[in-house]
Amino acid sequence: MAAFIDRVTVHVSAGNGGHGVSSVHREKFKPLGGPDGGNGGDGGDVVLEVDSGVHTLLDFHHHPHQKAPNGKPGAGSNRNGARGEDAVLRVPEGTVVTTADGEVLADLMGIGTRVVIAAGGRGGLGNAALANARRKAPGFALLGEPGETVDAVLELKSVADVGLVGFPSAGKSSLVAAMSAAKPKIADYPFTTLVPNLGVIRSGGVTYTMADVPGLIPGASTGRGLGLQFLRHVERCAVLVHVVDMATMEPGRDPETDIAALEHELALYSTDQSPEGEDAGEGIDLVGRLKIAVLNKIDVPDGRELVDLVRTALEARGLQVFPISAVTGEGLPELGYALASAVEAHRASLPAPEATRITLTPRAVDDGGFTVEPDPRTDGWMVLGVRPSRWVRQTDFSNDEAVGYLADRLNRLGVEIALAKAGAKPGDAITVGDVTFDWEPTLPAGTLTVEETAGLGGRGTDVRLENNTRPRAEDRLAAKKLRRTPYELIEEYPDELWNDDRA
């Protein structure tokens, strides 16, 4: 028997970006072909799309791990790698996507609605794209970025205008079958309905949908029976209808007691939390939506006699009472018009839809896109930011030229200046992304003030200049003149030549 799954956790992984390639064009009679390494393709995204043919999350229950294809690496002759195809996951309408912490990522409404929950990694650039006027033949390429990995919770909440609630075997599925073309399973034993059934109804020119929620029993809001699993399906309903079984033979049950028990469970679901610690329906007034009471099975003699006894008490609760028989069809037209009127009133009370506004927030002038913070793990410093972290992931640290290119990019971004101003010293451990290295500053002259350069060394104090063996300008000039002087004059007047040069 097919199961109904309306809440599941999926582990999705987007595709990794393909690596760029380092290649040099080789062709006969073209000795200086230059770099021709292509770029890697982007990894595929993981996309959720609402599909009208999907009604449950059962597929993700059996296959919770989903992964998009990786991008293809680049190749020589300026051939770029292919992009990985997107992994499109079909979900039913009304699916809410949240993180494990309960943060709502998307509420999927409308057939065809799509949302990317895991973005694929960028492909790396080949050496052809990295060539410029100063670096004419790069001997390295950038690596592709890994794709995003997300653990998402998919929760299905049925989309219906009218929700039928009540005890098991009250006749909810029979009512949906009698008022619409839906064909739900109907039997004479409790909990026959294991899946919320939807039906489309047209009354008085108004078209609306009706859903029957599996039977609720006392304690449903705390997980007893099937209540907690399906109470979430009434959250989106504009009108709730309590279907009362007028022919029940269970001891201790009567229509007024059933309604009181149902209102109690709806109130608890709106304020409490489930045993698993998940938000139930907090902040949702479900009791206020319970406006109509349907007294079903009046075709039974005892049921018809009981209607006159309970009508006054139910109307005193503020409920509209409609005696019906789902078997004979008695009372269904009046009920249909009442439901249409309630749905139409709810739709009229909704605010007019507003066009989506796109807000563009420009980056601050002094915002470099990164921050420098102390690293408590190593007593060093951390460089936090999207761009530095991405550059580190794209660097092949086995290639010295690629490491130098990374250093140049970080320096142009202002990372070294920010480290010096934060108080970093030469030799401190600097962590960027997942890589930690020792800092050797190469700041240009005039970058910092005298106080800020304390401990860093200034211009002319670079350790690379301590053992400078390059001749001075006057020594080079004297040597040049000496080379142009005839050998006989050097032997006869050596001192005069040197003295004249140094004068």
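Contact here means heavy atoms within 4.5 Å. This is a predicted model. Three spots are covered below: a helix with a buried face, an aromatic pair and a buried aspartate.

**Helix 10**
- Helix 10 spans residues 415–422, and its buried residues are Val415, Glu416, Leu419 and Ala420.
- Looking down the helix axis, these buried residues fall within an arc of 135 degrees, so they line one face of helix 10.
- That buried set packs against strand 15 (371–375), strand 16 (380–384), helix 9 (400–413) and strand 17 (429–432).
- Gly423 comes just after helix 10 and takes a positive phi of about 105 degrees.

**The aromatic pair**
- The structure holds 1 aromatic pair.
- Its partners are Phe140 and Tyr405, with 5.2 Å from centre to centre.
- Their planes are 45 degrees apart, and the pair is tilted.
- The pair links distant parts of the chain, 265 residues apart.
- Phe140 sits in the loop between helix 2 (127–130) and strand 8 (149–156), while Tyr405 belongs to helix 9.
- Phe140 has a relative accessible area of 2%, so Phe140 is buried.
- Tyr405 is also buried, with a relative accessible area of 13%.

**Asp45**
- Asp45 lies in the loop between strand 1 (7–13) and strand 2 (46–50).
- Asp45 counts as buried because its relative accessibility is 15%, and buried means under 20%.
- The side chains of Asp45 and Arg83 make a polar contact at 3.3 Å.
- Beyond residues up to four places away in sequence, Asp45 touches several others, including Ala68, Asp86, Val116 and Gly120.

Terms used:
Residues are numbered from 1 along each chain as its sequence is written. This is a predicted model: local features need pLDDT of at least 70, side-chain atom pairs count only at pLDDT 80 or more; totals for chains, interfaces and linings use all residues. Side-chain values use heavy atoms; hydrogens and water are left out. Helices (H or I, at least four residues) and strands (E, at least two) are DSSP runs, numbered from the N terminus. Buried means under 20% relative accessible area, exposed over 50%, partly exposed in between (1.4 Å probe, protein chains only). A polar contact is a pair of N or O atoms within 3.5 Å; within protein, one must be able to donate a hydrogen and the other to accept it, and residues adjacent in sequence count only if both atoms are side-chain atoms. The arc is that of the directions from the helix axis to the C-beta atoms. Rings of Phe, Tyr and Trp (its six-membered ring) pair if their centres lie within 6.5 Å; planes under 30 degrees apart count as stacked, over 60 as edge-to-face and the rest as tilted.
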